[in-house]
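Colleague: Could you take a close look at the salt bridges here, and lead me through them slowly, as you would for someone in a first year of study?

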Amino acid sequence: TFAAKSDGKDVGIPCVMVEKSIYDQVMSQNMLDPLAWFADIERRNTGTIASAGGIKQALAQGQVLNLEVTVLRGKDLHRAENVGKLDPYVEMAVGDQVRRTKTDREGAQNPAWNQKLKFKLDRERLALGVTLRCMDEETLKASELIGAAPVDLEGALVAGATSFQVPLLNEFKLAAGSVQINITISDR
């Protein structure tokens, strides 16, 4: 990229140099919806819709996409009642779909799951939201909540993939550790 100049002075307009074939392709298209056009180019070039607004555009047009969440590990997990050993697992909900990891019986406060959870993503499910709950599996009673949090998909909606720590809050809205996840959204 470079800035456009007028009479040898920078006029503050960013410019991009492109090959003639790309310029001709752009100029021959109807540019009323540039996000859709760029998403089509991306899909043709890479087979995915992971950039140039393609994911948001596909969802807006009613397409059902694949959401893959890799739940990597937990860090400094603790229950409000700090009694007994933790046997943590993660449960994720995307709209009406719920998936869970296996229980890590050895990890205690710092478990490692490294497990993929797969969902279908459409605009209705996205509107319902994505939540992550970290639970402590119990033998003789119902699992207990370690912590929970909403999951923001914005980074993955823009770039196609993202990785981040999800800070958990317990039922008293106190910090309960965090969970590291990777998110990928694709049309494959």
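Modeller: Before we begin, one term is needed: a residue is called buried when its relative accessible area is under 20%, exposed when that area is over 50%, and partly exposed in between. Please also keep in mind that this is a predicted model.

With that cut-off in hand, consider the salt bridge between E124 and R123, in which the closest N and O atoms are 3.6 Å apart. E124 has a relative accessibility of 48%, so this residue counts as partly exposed, and R123, at 42%, is likewise classed as partly exposed.

A second pair is formed by the side chains of K118 and E68, which meet in a salt bridge with a distance of 3.8 Å from N to O. Because K118 belongs to strand 6 (residues 112-121) and E68 to strand 3 (residues 65-75), this pair ties together parts that are 50 residues apart in sequence. As for their surroundings, K118 is exposed, with a relative accessible area of 53%, whereas E68, with a relative accessible area of 23%, is partly exposed.

A third pair is that of E144 and K141, whose salt bridge brings the closest N and O atoms to 2.6 Å apart. These two residues also belong to one network, in which salt bridges that share partners join R79, D136, E138, K141 and E144.

To place these examples in the whole, the count of salt bridges in the model comes to 15, and the pairs described here, including K118 with E68 and E144 with K141, are part of that picture.

Key. Residues are numbered from 1 along each chain as its sequence is written. This is a predicted model: local features need pLDDT of at least 70, side-chain atom pairs count only at pLDDT 80 or more; totals for chains, interfaces and linings use all residues. Side-chain values use heavy atoms; hydrogens and water are left out. A salt bridge is a side-chain nitrogen of Lys or Arg within 4 Å of a carboxyl oxygen of Asp or Glu. Helices (H or I, at least four residues) and strands (E, at least two) are DSSP runs, numbered from the N terminus. Buried means under 20% relative accessible area, exposed over 50%, partly exposed in between (1.4 Å probe, protein chains only).
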